[in-house]
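Subject: Structure for your review

Dear colleague,

Please find below the structure that I am handing over to you. My notes on it follow directly after.

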Amino acid sequence: MPASPCSIAHPAWVEEIFYNKATGGGCKFLVMGTTGGRNVAARGRQPHAGIGRRELLRASLLGGSALVAGIVRVAPAIAGDVEGGPPRAPRGKGPKLSGEVVERVAGAFFGYQMPAADCDTIARGAEATIRTWHLIALSNLAPIDPPFDFSLVCAEAERLTRPRG
Amino acid sequence: MTVSGLAEVLTFEVATLSSRLRTREISSVEATEAYLDWISERDGKLGSYITVTQERARTDAARADREIAAGIWRGPFHGVPLGLKDNVYTKGILTTGGSKVLADFRPDFDATAWAKLASQGAVLLGKLNLNEFAYGGLLKRCRNPYDLERFPGGSSAGSAVAVVAGMCAAAIGTDTSGSIRIPAAQCGCVGLKPTYGRVSRFGMIPLAYTMDHVGPMTRSVRDAALMLNVMAGFDESDSTSSRELVPDFTAALAGGVRGIRVGIIRELTDGLSDEVSRAFSAALRLLASSGAHLDEVSLPTLEFGALINATVTWVEALDYHERWLRERRNDYGKEIRLNLETGMMIPALDYFRAQRGRARILAEALSTLQNHDVLVSPGVATTALKVRDYLKMDEKTRAGLAYRNQLRFTQPFDTTGQPALTIPTGIASDGLPTSMQIVGRPFDEAMVLCVAASYEAMRGPLSCPPL
């Protein structure tokens with residue numbers, strides 16, 4: 001029975017198996033070598049034709065999670081104003097949001113009075129997201145059907161007509 | 001039972017407690033009172049409960065004892081005290097979602113997942129703390145049982161804390177971006193996000209309809225399997241619930257990992273703390289030593305999955321909250337308010353594209369899973385963050401940290417809907433748990449649980465938090 005890893009004082013072999021730098025772009029874990037493993041995934045593949053992983057990563061930083069407190073405030077960095085960042089959609093042609101536009105859209109579309117302090121923050125975050133989706137759409141989503149299923153519509157309709165309780 | 005014996009009850013797994021309840025070695029009332037005493041003594045510092053339902057718990061426990069004495073055995077949760085995340089509807093009992101907006105809300109029905117457990121005789125101890133509507137900022141009141149100066153992770157923070165600190169035998173959590181798996185990873189319990197549709201969402205306060213998952217948070221893999229056995233299954237009240245056959249998930253636990261093909265997700269092995277790296281390596285070594293075949297795989301679209309998760313959540317959460325946000329803006333915390341306001345600016349076109357993109361991410365994962373039985377990664381990149389350090393950070397650093405250290409590991413599998421489980425891999429030198437995530441094919445929770453159970457048996461028991 002191998003030693004329990006419950007204590008972090010791991011045996012020496014742990015050091016041996018982790019991150020074999022000598023393998024460079026090959027196997028990251030020596031344990032693969034010992035089990036005859038192979039990397040089945042295509043190396044260097046892009047996540048989506050024409051879109052760099054870094055750009056997606058930055059856009060992902062925009063949040064959408066329980067833990068992303070104030071995450072939209074990092075939008076300027078995400079939007080590409082970072083050294084080595086990906087090429088951005090041309091400003092003149094791509095989406096552009098200002099705090100003023102945000103305030104107007106919230107008011108006109110949602111009857112919502114956006115707090116003034118939030119407008120610029122929201123504008124930067126949303127613009128970065130929209131621009132990223134713009135690039136992704138230009139690249140290729142064409143062969144993919146949306147996951148909206150007629151059987152689900154029927155099931156929901158049935159549920160709505162069923163007496164509750 | 002003696003006082004020391006009752007204290008031991010607090011550490012029992014569901015499976016152990018259940019067998020002793022069945023043989024009447026201990027009564028449900030005794031176990032329940034032990035839990036209530038411990039909650040009363042310790043939860044002031046840990047902040048895991050929003051509402052403790054003492055009277056309900058005592059009534060449930062007394063009923064369970066009467067039934068067991070009469071030879072009626074409802075199943076492994078009969079008489080077992082449980083806690084529920086406070087976004088799970090409980091009939092007549094305060095269900096706040098962790099928000100001022102629902103401070104006085106008492107639903108008039110039970111959520112299906114809880115109703116199934118209740119019908120098996122489970123005892124309701126109370127409602128557990130969470131980030132506001134599972135979408136707000138970090139919980140400052142709720143603390144990590146291994147170190148009261150640290151965060152427990154979120155959003156099912158109270159569920160993880162209560163399970164680990166002996167304040168319920170098991171709990172229900174929900175997961176839209178990682179909310180079961182992240183707190184489980186940071187606090188040191190098992191957190192299982194089943195396949196989308198496996199467990200009914202009916203009676204859960206929604207965050208993002210198309211990515212909300214409900215699942216067990218437990219002290220052991222066996223307990224997670226037992227709980228999923230009860231919670232899983234088609235529910236006509238939830239149109240998205242699956243009619244997929246529900247196996248006995250405990251049957252898979254003894255399968256072992258000999259010959260099992262495990263893919264290590266390359267994109268999730270960078271940027272780890274040294275201790276998380278070592279613990280993850282050790283976990284891999286244990287799997288390999290017992291006959292699993294390990295190799296590295298690449299899922300290049302993983303970050304795209306996180307972007308989809310963010311986009312869909314912004315829009316779907318706004319759909320639920322829009323009216324309240326307009327009418328009761330000041331009742332929302334700043335963090336969730338900013339997220340919801342951002343949703344107002346996301347064009348319908350981008351939401352639509354995000355939904356279409358989900359198939360692309362899942363296709364890549366399924367392609368990899370043609371040659372593998374499960375995929376693995378660390379649960380999160382580091383051990384839990386100190387509250388003090390967090391408060392010193394600027395907003396940009398906080399946001400980057402949340403993504404790099406936690407969300408990038410979990411969000412993609414909410415996007416794909418695949419089953420994913422986090423399991424502790426040990427206790428690091430800072431006294432905090434490290435973890436591993438195991439991801440499976442859709443509706444193959446049995447394989448995920450099998451690998452997790454094998455690993456857990458080899459790993460051995462974790463040391464309890466210093467309570």
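The notes below concern helices and strands of chain B.

Please bear in mind throughout that this is a predicted model.

**Packing of helix 10**

I begin with helix 10 of chain B, residues 302-327, and its contact with helix 14, residues 395-416 of the same chain. The axes of these two helices come within 8 Å and cross at roughly 70 degrees. Since angles of 65 to 115 degrees count as roughly perpendicular, helix 10 and helix 14 of chain B are therefore roughly perpendicular to each other. On the helix 10 side, the contact is made by B:Leu302, B:Gly305, B:Ala306, B:Ile308 and B:Asn309. Helix 14 contributes B:Leu407, B:Arg408, B:Gln411, B:Pro412, B:Asp414, B:Thr415 and B:Thr416. By class, this contact has 5 nonpolar, 5 polar and 2 charged residues.

Helix 10 of chain B also packs against helix 11 of chain B, residues 334-343, at an angle of about 105 degrees and with the axes 8 Å apart. That angle makes helix 10 roughly perpendicular to helix 11 as well. Here B:Trp314, B:Val315, B:Ala317, B:Leu318, B:His321 and B:Leu325 of helix 10 meet B:Asn339, B:Leu340, B:Thr342 and B:Gly343 of helix 11. The contact between helix 10 and helix 11 of chain B has 6 nonpolar and 4 polar residues, with no charged residues.

**Strand 11 and its partners**

Strand 11 of chain B covers residues 433-439; 7 of its 7 residues are buried, so the strand is largely enclosed by the rest of the structure. Both of its faces are covered, with B:Pro433, B:Ser435, B:Gln437 and B:Val439 on one side and B:Thr434, B:Met436 and B:Ile438 on the other.

Strand 11 of chain B pairs in the antiparallel sense with strand 9 of chain B, residues 374-378, over 4 bridges. In this pairing B:Ser377 has B:Gln437 as its bridge partner. Strand 11 of chain B is also antiparallel to strand 10 of chain B, residues 420-427, with 7 bridges between them. B:Pro424 is there the bridge partner of B:Ser435. Strands 10 and 11 of chain B form a hairpin with 5 residues between them, and B:Gly431 in the turn has a positive phi of about 85 degrees.

**Strand 8**

In strand 8 of chain B, residues 293-297, 5 of the 5 residues are buried, so this strand too is largely enclosed by the rest of the structure. B:His293, B:Asp295 and B:Val297 point one way from the strand, whereas B:Leu294 and B:Glu296 point the other way. Strand 8 of chain B pairs with strand 7 of chain B, residues 261-265, in the parallel sense over 5 bridges. B:Ile265 stands opposite B:Val297.

**Helices 6 and 15**

Helix 6 of chain B, residues 157-164, is mostly covered, with 8 of its 8 residues buried. Among these are B:Ala157, B:Gly158, B:Ser159 and B:Val164. Helix 6 of chain B is followed by B:Gly166, whose phi is positive, near 75 degrees.

Helix 15 of chain B runs over residues 445-459, and at 1.5 Å a residue its 15 residues should span 21 Å; the end C-alpha atoms are 21 Å apart, which agrees. Of these 15 residues 13 are buried, so helix 15 of chain B is largely enclosed by the rest of the structure. B:Gly460 follows helix 15 of chain B and has a positive phi, near 85 degrees.

Kind regards

Definitions and conventions: Residues numbered from 1 in each chain as written. Chains lettered and ligands numbered in written order. Predicted model: local features only at pLDDT ≥ 70, side-chain atom pairs only at ≥ 80, totals over all residues. Axes fitted to C-alpha atoms, helices over the stretch in contact; angles between N-to-C directions. Parallel < 35°, antiparallel > 145°, perpendicular 65-115°, else oblique. Contact = placed C-beta atoms within 7 Å. Nonpolar A, V, L, I, M, F, W, Y, C, P; charged D, E, K, R; others polar. Expected span 1.5 Å × (residues − 1). Buried ≥ 20, exposed ≤ 12 C-beta atoms within 10 Å, placed from the backbone. Pairing = 2+ DSSP bridges.
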